[in-house]
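Trainee: I would like to learn how to read a structure step by step, starting with a single element and then moving outward. Could you guide me through one?

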Amino acid sequence: MQQMFNVGKIVNTHGIRGELKILTTTDFPEDRFAKGSELLIVPADGKAPVPVTVETARFQKNMVIVKFKEYHNINDVEKYKGTLLKVSAERLGELEENEFYFHEVIGMEVVTEDGTELGVVKEILTPGANDVWIVQMPKGKELLLPYIEDVILDVNVREKRVTVRLMEGLL
């Protein structure tokens, strides 16, 4: 079975022409939902993933409205509400130097620039202006780190370590 990565969740239909509202969970939404992108609808019931091709996509706040080439009306897509959209590993694409995918960061150890261990990256949120990394600290507390240059100093994918500078008020 091929490895797949989440790109979003289908939360609703949009209009009557088969468009879907998708809550994105991907690091490169412009690439994942570009015209011609091939994605997989993964049914919650465990049935085989359904390959689809993006025909059109437009962004609205933290959602994307997508029309797939294979579907032309609301009746065809209604059944997919609540399902996940994924991309296969071979379609991830090559990254530039110092770029990384969210799935590579999740689980990384987080340390301060002086070497103090803070915890592990548990989740990445994409609320708008900048991403927010949620770090699970040892005693169960969560630390929210904005993904900005002043805070996230280094992301070392090979060593699975993120080095950060804690600005006043973050802890």
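**Reading a strand, its partners and two ring pairs**

Mentor: Let us begin with one strand, keeping in mind that this is a predicted model. Strand β6, which covers residues 84-88, is mostly covered, since 4 of its 5 residues are buried.

Trainee: Which strands pair with β6, and in what sense do they run?

Mentor: Pairing is read from the bridges between two strands, and β6 has a partner in strand β1 (residues 4-14), with which it pairs in the antiparallel sense over 5 bridges. Strand β3 (residues 38-42) is also joined to β6, here by 3 bridges, and these two strands run antiparallel as well.

Trainee: Which residues stand opposite each other in these pairings?

Mentor: On the β1 side, Phe-5 stands opposite Val-87 of β6, while in the pairing with β3 it is Ile-41 that stands opposite Leu-85 of β6.

Trainee: How many aromatic pairs are there, and how should I read the angle between two rings?

Mentor: Ring centres must lie within 6.5 Å for a pair, and planes over 60 degrees apart count as edge-to-face, whereas planes under 30 degrees apart count as stacked. By this rule the count comes to 2 aromatic pairs. One of them joins Tyr-71 and Tyr-80, whose centres are 5.6 Å apart with 65° between the planes, and this pair is edge-to-face. Both of these residues, Tyr-71 and Tyr-80, are buried.

Trainee: Why is the pair of Trp-133 and Tyr-147 called stacked?

Mentor: The ring centres of Trp-133 and Tyr-147 are 5.1 Å apart and their planes meet at 15°, so the pair is stacked. Trp-133 lies in strand β9 (residues 132-136) and Tyr-147 in the loop between β10 (142-146) and β11 (152-156), so the pair ties together parts that are 14 residues apart in sequence.

Trainee: Are Trp-133 and Tyr-147 buried or partly exposed?

Mentor: Here the cut-off matters, because buried means under 20% relative accessible area and exposed means over 50%, with partly exposed in between. Trp-133 has a relative accessibility of 2% and therefore counts as buried, whereas Tyr-147, with a relative accessible area of 35%, is partly exposed.

Trainee: What does the protein chain look like as a whole, in its secondary structure and its span?

Mentor: The secondary structure of the chain comes to 3 helices and 12 strands, and the C-alpha trace spans about 55 × 30 × 30 Å along its principal axes. Of the 171 residues in the chain, 39% count as buried.

Technical notes. Residues are numbered from 1 along each chain as its sequence is written. This is a predicted model: local features need pLDDT of at least 70, side-chain atom pairs count only at pLDDT 80 or more; totals for chains, interfaces and linings use all residues. Side-chain values use heavy atoms; hydrogens and water are left out. Buried means under 20% relative accessible area, exposed over 50%, partly exposed in between (1.4 Å probe, protein chains only). Two strands pair if DSSP finds at least two bridges between them. Rings of Phe, Tyr and Trp (its six-membered ring) pair if their centres lie within 6.5 Å; planes under 30 degrees apart count as stacked, over 60 as edge-to-face and the rest as tilted.
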